[in-house]
Amino acid sequence: MMAAWWVASMAMVGAAMAQTPAASQTTPAAPAASGAQVLSPPLSGVLGSGPGYHDPRSPFKPLQDKEGVVSWSVLSSVTTRPERNRLVPVFPKPVQALNNQTVKVQGFMMPLEPGDKQKHFLLSSVPTSCTFCVPAGPEGLVEVKTLTPVKYTLEPVMVEGKLAVLSKDPYGLYYRMVGAQPVSAP
């Protein structure tokens, strides 16, 4: 029950983040009293860029792409479009090609269950810095269900399993991996 609530909370925050302008853009603010247009600073210092924000003060280094491992830049290439009262993901062909394929993904664990061994967790493109904060939007998260428990760690982990690309997940997630197993880093 608690895990479902947490996943739903993460999806709502991710959907809100997906509506935010791209990090490299500046957004026009209300015109100044003098009539001149004032630009607000870019969001790069607040949200970063890509599938989440990696705080430069973090003791963990950003994940590096590895051969044979699906890159977060591929997973985060999804866009959204409004449909009725919700945002619907639009997956590019390289992402669609991953649907129902056995793949490897690396990331940081976000437990969904109590205990030091996890069979159901979120894999994030960036490390968590707060128990109540989501480090990435739905494009930077993969829900993982493993066959055997994986020991929780703050270090990056790599898992291999069947990836589902989700277009209508009730929690707003874009990716789910089932039948996953931990893999040693190459």
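The following legends describe close-up views of a predicted model.

Residues are numbered from 1 along each chain as its sequence is written, and the side-chain values use heavy atoms, with hydrogens and water left out. Because the model is predicted, local features need pLDDT of at least 70 and side-chain atom pairs count only at pLDDT 80 or more, whereas totals for chains, interfaces and linings use all residues.

**Figure 1. Secondary structure and burial of the chain.** The chain comprises 3 helices and 7 strands, in the sequence order α-α-β-β-α-β-β-β-β-β. Helices (H or I, at least four residues) and strands (E, at least two) are DSSP runs numbered from the N terminus. Of the 186 residues, 37% are buried, that is, under 20% relative accessible area with a 1.4 Å probe and protein chains only (exposed is over 50%, partly exposed in between). Among contacts with a separation of 6 or more, 61% join residues 24 or more positions apart; a contact means heavy atoms within 4.5 Å. The chain exposes about 10,700 Å², of which carbon and sulfur atoms supply 58%, by the Shrake-Rupley method with a 1.4 Å probe.

**Figure 2. The aromatic pair of F91 and Y174.** The chain holds 3 aromatic pairs, where rings of Phe, Tyr and Trp (its six-membered ring) pair if their centres lie within 6.5 Å. The ring centres of F91 and Y174 are 5.8 Å apart and their planes stand at 85°, so this pair is edge-to-face; planes over 60 degrees apart fall in that class, those under 30 count as stacked and the rest as tilted. The pair links distant parts of the chain, 83 residues apart: F91 lies in the loop between β2 (86-90) and α3 (93-96), and Y174 in the loop between β6 (157-165) and β7 (175-183). F91 is buried at 10% relative accessibility, and Y174 is buried at 7%. Together with Y175, F91 and Y174 form one aromatic cluster.

**Figure 3. The largest cavity and its lining.** There is 1 cavity of 30 Å³ or more; a cavity is a set of points on a 1 Å grid over the protein atoms alone where a 1.4 Å probe fits but cannot get out. The largest cavity holds about 50 Å³ of space, the volume being that filled by probe spheres set on the points, which are joined across faces, edges and corners. Its lining consists of F108, M109, P127, T128, Y152, T153 and L154, lining residues having an atom within 4 Å of a point. By class, the lining has 5 nonpolar, 2 polar and no charged residues; Ala, Val, Leu, Ile, Met, Phe, Trp, Tyr, Cys and Pro count as nonpolar, Asp, Glu, Lys and Arg as charged, and the others as polar.

Notes:
On a 1 Å grid over the protein atoms alone, a cavity is a set of points where a 1.4 Å probe fits but cannot get out, and a pocket is an open set with protein on both sides within 12 Å along at least five of seven lines; lining residues have an atom within 4 Å of a point.
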